[in-house]
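Q: Could you take me through the helix packing between the two chains, one pair at a time? I would like to know how the helices are set against each other and who touches whom.

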Protein chains: 2
Amino acid sequence: MTDEKDNTNEEVIEVVSDVVVVGEAPHTPSNLTEDGDDNFDEKSGLIAQNIKPEENIIEDQYWESSVWKVVRQRSTWLIFLLFIQSFSSFILASFEKLLSKHVIITLFLTMLIGTGGNTGAQSTVLVVRGLATGVITKDKIKKVIWKEARIGLVLSLILCVIGAVRVLVHDVFKLVNGSSDQILPELFALTLSLFLIVWISVIIGTGLPLFLHFVLKWDPANAGPTVAVMMDIMGVFIICLVCATVLGT
Amino acid sequence: MTDEKDNTNEEVIEVVSDVVVVGEAPHTPSNLTEDGDDNFDEKSGLIAQNIKPEENIIEDQYWESSVWKVVRQRSTWLIFLLFIQSFSSFILASFEKLLSKHVIITLFLTMLIGTGGNTGAQSTVLVVRGLATGVITKDKIKKVIWKEARIGLVLSLILCVIGAVRVLVHDVFKLVNGSSDQILPELFALTLSLFLIVWISVIIGTGLPLFLHFVLKWDPANAGPTVAVMMDIMGVFIICLVCATVLGT
């Protein structure tokens, strides 16, 4: 953004602030215009997009708003996300015995879920940009999904091989310490989980912005945080389900 | 982005594609211009930003590139992130005994780390936009950090109370099933972890884009994925350290 800093074109500034904010504010521009009488977006705690920078309202708001006012606005969205994210705890809790028996699942939980998030985000970014530049049009939806599904298949094969090597590194240390119980079934379960997480992430990361744009007519850039939260919950679910099936509950 | 769809202003389209891509491509615009002879950004697997949309090169590239070519480009960045993310497994592995003794840590691992990610992302988005609109200038850095530190303190207090209630809900189910061992120390350890994770996330989420913009002169929007990966690793580290201290290894 550095090179756009001195650009005084209002339109560009508006677009920049509109795009930069999408990671946090799940609202269509029309929503924001509707509550134009309120300068703050209640749900995300971010300043509404319909304010012109030259009016200096944004600046006044940031510096004049008390810490409490800002907290009230920002916490709503964070509490909402915390609530959704807590569903992962319900899933994990119902597999408590499995997790206490196979601690290795916990050790690779963050890595597997994080990789799903990264892969999904990459697909979403590409589709959102494809829609913005007009590369992806309505008649090409099927072609895009089909291409991304094949790309996702190969990506998940590559990443699950690397993930398996990473788990093996851990296993070697474990073998040195003498405990070799169920190493192969655990390795297989984690690798299969990673494979499924990555592939499903690519498909959801591609499908969700297309669905938002063409079906719901929403801003597809909103797909970012939605994909992230969805992949967290789904990743936990896939890991628990695959490990329970392979290793037995 | 929907309402900008028909805008044919090249500058706007360029800005849109530039901003949308930042979540994945950790490059400054100058970097991208340097390797302008190669239409693909090797590291992120995304098409370089210096291509004009009207030249139809982007479109040709997406449809003409084979699945293998796209995979080669996209997998590099994903493998790099998988590698970084795997550090969390090293941290968790060195606290294996703690995790197998207190399964509740695993149950709330995703929720705690996810909340840190959301909070950090919110601060980053606000700072990146503040820099783009000129609200945050060099002479205001200290004021911004001081304000965000206070906001972060209150946010972390609010979120850790809600997190504690969520852990208590789990504990009630546990008590019904008869096992009440170490419920209070575990509750305290998880609440303290969430408090620290949220506060540190706000400070890093604020500080990193400011550091990138004013010290390294990089595009501050690149802070997004960096904050996400940093908070994942740091979140795991905070949880393990706090729980080991409170509950004993």
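**Helix pairs across the chains**

A: Happy to. H7(A) and H7(B) are roughly parallel to each other, because angles under 35 degrees count as roughly parallel, over 145 as roughly antiparallel, 65 to 115 as roughly perpendicular and the rest as oblique. This is a predicted model, in which local features need pLDDT of at least 70, side-chain atom pairs count only at pLDDT 80 or more, and totals for chains, interfaces and linings use all residues. Residues are numbered from 1 along each chain as its sequence is written, chains are lettered from A and ligands numbered from 1 in the order in which they are written, and side-chain values use heavy atoms, leaving out hydrogens and water.

Helix H7 covers residues 103-133 in chain A and residues 103-133 in chain B; the two pack at about 25° with axes 10 Å apart (axes are lines fitted to C-alpha atoms, for helices over the stretch in contact, and angles run from 0 to 180 degrees between N-to-C directions; helices are DSSP runs of H or I, at least four residues, numbered from the N terminus). Thr106(A), Leu109(A), Thr110(A) and Ile113(A) meet Thr106(B), Leu109(B), Thr110(B) and Ile113(B), where contact means heavy atoms within 4.5 Å.

Now the other pair: H8(A), residues 141-176, and H4(B), residues 67-85, have axes that come within 9 Å and cross at roughly 40°. H8(A) and H4(B) are therefore oblique to each other. Among the residues in contact are Ile151(A), Leu155(A) and Ile158(A) of H8(A), and Trp68(B), Val71(B) and Leu78(B) of H4(B).
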